[in-house]
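Okay, thanks everyone for coming. Let me put the sequence and the structure up so we can walk through them together.

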Amino acid sequence: PQAISVWLRLGEIQAEKIQTMDFDKKLIRERMHEIQTLCYQMPDNWMSKLQDICSECGIALVYTPCISKAPIYGASRWIKNYSKPLIQITDRQKDYNAFWFSFFHELAHILYHGKKDVFISLDNIEPDDEKEKQADDFAARMLLSEKEKNELFQHSDFSPELIWAFSRKYGRNPSIIVSQIQRQTKVYNDFKLNRLKIKV
């Protein structure tokens, strides 16, 4: 608990340095496609660009390195007397798919759940709360829609060529597609596919 408290406090200190507009739920929804395009294209400044979009929509997004004894992927809550939403993401596993799943998961909490709640995504903890399941479902849809998943898993042989073709067709990052395949098939040692995965 002490390590987790320290990590959360570090995020609040970071958030104090970020200027944000007033929170605008409609605007963040309107810019969701832009965020997904950022995830797909991954320009060199994608992390700062994502922060800028969030700030313009009234959300403080901070990146807080993982610390010992705090096995956290992300957290979300409202600060400043519940006037400012804060999304805090760590670098745990340093995996591109884990980063984006965590971001969308925490964003769902901001969009759908109460201002007085504090949400923390811990390692190896299965969601047993309806709000956590809702956030997981939202994040999964943002990474790959049901239509895209259904088409992808019609295949039994996942070659790099297939991944790239699917990536271009739907505007999904190859690293995320590979991670979703591995999550479904439980096969993690395919060297050709692992070469498409990105570290953050």
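I'll talk about the sheet, then about one helix pair.

Quick housekeeping: this is a predicted model, so to speak of local features we need pLDDT of at least 70, side-chain atom pairs count only at pLDDT 80 or more, and totals for chains, interfaces and linings use all residues. Residues are numbered from 1 along each chain as its sequence is written, and side-chain values use heavy atoms, with hydrogens and water left out.

Right, the sheet. It's an open one with four strands in the order E1-E3-E2-E4, and the pairing is mixed. Strands here are DSSP runs of E, at least two residues, helices are runs of H or I, at least four, and both are numbered from the N terminus; two strands pair if DSSP finds at least two bridges between them. At the edges sit E1 and E4 (119-122), each pairing on one side only.

Which way do the residues of strand E1 (residues 60-63) point? Ala60 and Val62 go one way, Leu61 and Tyr63 the other, and all are buried, meaning under 20% relative accessible area with a 1.4 Å probe, protein chains only. E1 runs parallel to E3 (residues 84-89), joined by four bridges. Ala60 is opposite Leu86, and Leu61 has Ile87 as its bridge partner.

Now the helices. H5 (residues 96-112) and H9 (residues 174-185) pack at about 90°, axes 8 Å apart; axes are lines fitted to C-alpha atoms over the stretch in contact, and angles run from 0 to 180 degrees between N-to-C directions. So the two, H5 and H9, are roughly perpendicular, a label for 65 to 115 degrees.

Note on methods:
Buried means under 20% relative accessible area, exposed over 50%, partly exposed in between (1.4 Å probe, protein chains only). Angles under 35 degrees count as roughly parallel, over 145 as roughly antiparallel, 65 to 115 as roughly perpendicular and the rest as oblique.
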